[in-house]
Amino acid sequence: MAESPVVLGIESSCDETGAGLVRDGVLLGHAVASSMDEHARFGGVVPEIAARAHVHAMAPVVREALGRAGLTLADVGAVAVTTGPGLSGALQVGLAAAKGYAFSLGVPLYGVHHLAGHVAAATLDGGPLPNPCVVLIVSGGHTSLLLVRDLARDPIVHLGDTLDDAAGECFDKVARILGLPYPGGPAIDRAARDGDPKAVRLPRPLSGPNDPPYAFSFSGLKTAAARWVEAQRAAGAAPNVPDASAALQEAIADALTRKAVRACTDHSIDTLVVVGGVAANSRVRALTERRCAAAGITLRVPALGLCTDNGAMVAAIGDLLVRSGAEPAPLSISIDPSAPLEFAALAPTAAARAA
């Protein structure tokens, strides 16, 4: 049987420029450049700054990934790129680069959904995902519970999504209220190490018997944390940042893990996959491990370096698409900044989107 081609994956949906190389489900090498420091002083990602940073970082990151893999561009047999969702200008930079590499090398091009890439990241250090499995995607912009079968071929079923703020967005907003730096998730995680999660009472959103069982909501939690901070300051006291951080982190981890484990048990599925940037949070990981073990559920979480945005995950989903015999994208492929997660392949064209 002929060996599968090396897939070059390119990710540029937000502030990380990523390139990775995967063949037959094996990560050969990857590299990431982040423009996070350039955004930190603004308290969030500035799209124009992100796009400009991608332009400068793209070629060096691809060269670095190739070097780590011990490969050259001549070894690349297919190119996969995130075409949505994400920041429009940032996505355009990645797609332009991917088209250039694919055209010059004479190899097929695949447009992929960013979130499907996060799911595929879990295959890089644990092998193929079981069919079916429940996937919890939790990041700065997305919080969803999914039923995934064959990631490369089958439609992705949404069991529940966030109704407002995503978990990562809640971390960022409360961190700002507490005077912690951006990005808020890692800052909250660090501060929480010295805090008592029971010192501040925060609600568990959508936890009632009549609430949607798999939906999430973090806007009210953010507001509750903000009101607690306001009350402390109105009373002339400085908010205890470690305690508030620990309480917030516990509330988010509790909501995420309870619903994820319930989805597995309700659907008689014995594997939970947790992916996305918030999957790097220490309390989310620890509580998920504990609750999965108690319920007899196998937990799959990517290595820390593969939780946040990276090119390896894009190469991984591209590799799955290549091996499944999926049709490559046309060179007229365009971006879709608000693409819904329905299939792993995402190949919109200007004509199709105008129709």
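**Reading salt bridges, cysteines and packing**

Trainee: How many salt bridges does the count come to in this structure?

Mentor: The count comes to 12 salt bridges. Please keep in mind that this is a predicted model. The rule asks for a side-chain nitrogen of Lys or Arg within 4 Å of a carboxyl oxygen of Asp or Glu.

Trainee: Which residue forms a salt bridge with Arg283, and how far apart are the closest N and O atoms?

Mentor: The partner is Glu250, and the closest N and O atoms are 2.7 Å apart. The next step is to see where each partner lies. Arg283 belongs to helix H9 (residues 282-295) and Glu250 to helix H8 (residues 241-266), so this pair ties together parts that are 33 residues apart in sequence.

Trainee: Are Arg283 and Glu250 buried or exposed?

Mentor: The cut-off for buried is under 20% relative accessible area. Glu250 is buried because its relative accessibility is 17%, whereas Arg283, at 23%, counts as partly exposed.

Trainee: Where do Arg262 and Asp266 lie with respect to each other?

Mentor: Both are in helix H8, and because they are 4 residues apart, about one helical turn separates them. Their side chains meet in a salt bridge, with an N to O distance of 3.3 Å. Arg262 is partly exposed at 43% relative accessible area, and Asp266 is partly exposed at 43% relative accessibility.

Trainee: Which helix holds Arg323 and Asp319?

Mentor: Helix H10 (residues 311-324) holds both, with 4 residues, about one turn of the helix, between their positions. The closest N and O atoms of this salt bridge are 2.8 Å apart. Here the two ends should be read separately: Asp319 is buried, with a relative accessible area of 1%, while Arg323 is partly exposed at 40%. Salt bridges may also share partners, and in that way Asp165, Glu169, Lys173 and Lys222 are joined into one network.

Trainee: How many disulfides are counted?

Mentor: A disulfide is a covalent bond between the sulfur atoms of two cysteines. In this model the count is 0.

Trainee: Why does Cys14 have no such bond?

Mentor: Its closest cysteine sulfur, in Cys307, is 16 Å away, which is too far for a bond. Cys14 itself is partly exposed, at 21% relative accessibility. Cys170 is likewise in no disulfide, the nearest cysteine sulfur being that of Cys14 at 18 Å. With 0% relative accessibility, Cys170 counts as buried.

Trainee: How should one read the packing of helix H4 against H10, and at what angle do their axes cross?

Mentor: One looks at the distance, the angle and the residues in turn. The axes of H4 (residues 114-121) and H10 come within 7 Å and cross at roughly 90 degrees. H4 is therefore roughly perpendicular to H10. On the H4 side, His114, Ala116, Gly117, His118, Ala120 and Ala121 make the contact, and on the H10 side Met313, Ala316, Ile317 and Leu320 do so. Of these residues, 7 are nonpolar, 3 are polar and none is charged.

Trainee: Which residues does Leu146 touch beyond those up to four places away in sequence?

Mentor: Leu146 touches Cys133, Val134, Val135, Ile137, Ile156, Val157, His158, Leu159 and Leu341. Its element is strand S7 (residues 143-148), and at 0% relative accessibility Leu146 counts as buried. Sequence and space can also be set side by side: Leu146 and Leu115 are 31 residues apart along the chain and 11 Å apart from C-alpha to C-alpha.

Technical notes
Residues are numbered from 1 along each chain as its sequence is written. This is a predicted model: local features need pLDDT of at least 70, side-chain atom pairs count only at pLDDT 80 or more; totals for chains, interfaces and linings use all residues. Side-chain values use heavy atoms; hydrogens and water are left out. Helices (H or I, at least four residues) and strands (E, at least two) are DSSP runs, numbered from the N terminus. Buried means under 20% relative accessible area, exposed over 50%, partly exposed in between (1.4 Å probe, protein chains only). Contact means heavy atoms within 4.5 Å. A disulfide is a pair of cysteine sulfur atoms within 2.5 Å. Axes are lines fitted to C-alpha atoms, for helices over the stretch in contact, and angles run from 0 to 180 degrees between N-to-C directions. Angles under 35 degrees count as roughly parallel, over 145 as roughly antiparallel, 65 to 115 as roughly perpendicular and the rest as oblique. Ala, Val, Leu, Ile, Met, Phe, Trp, Tyr, Cys and Pro count as nonpolar, Asp, Glu, Lys and Arg as charged, and the others, Gly among them, as polar.
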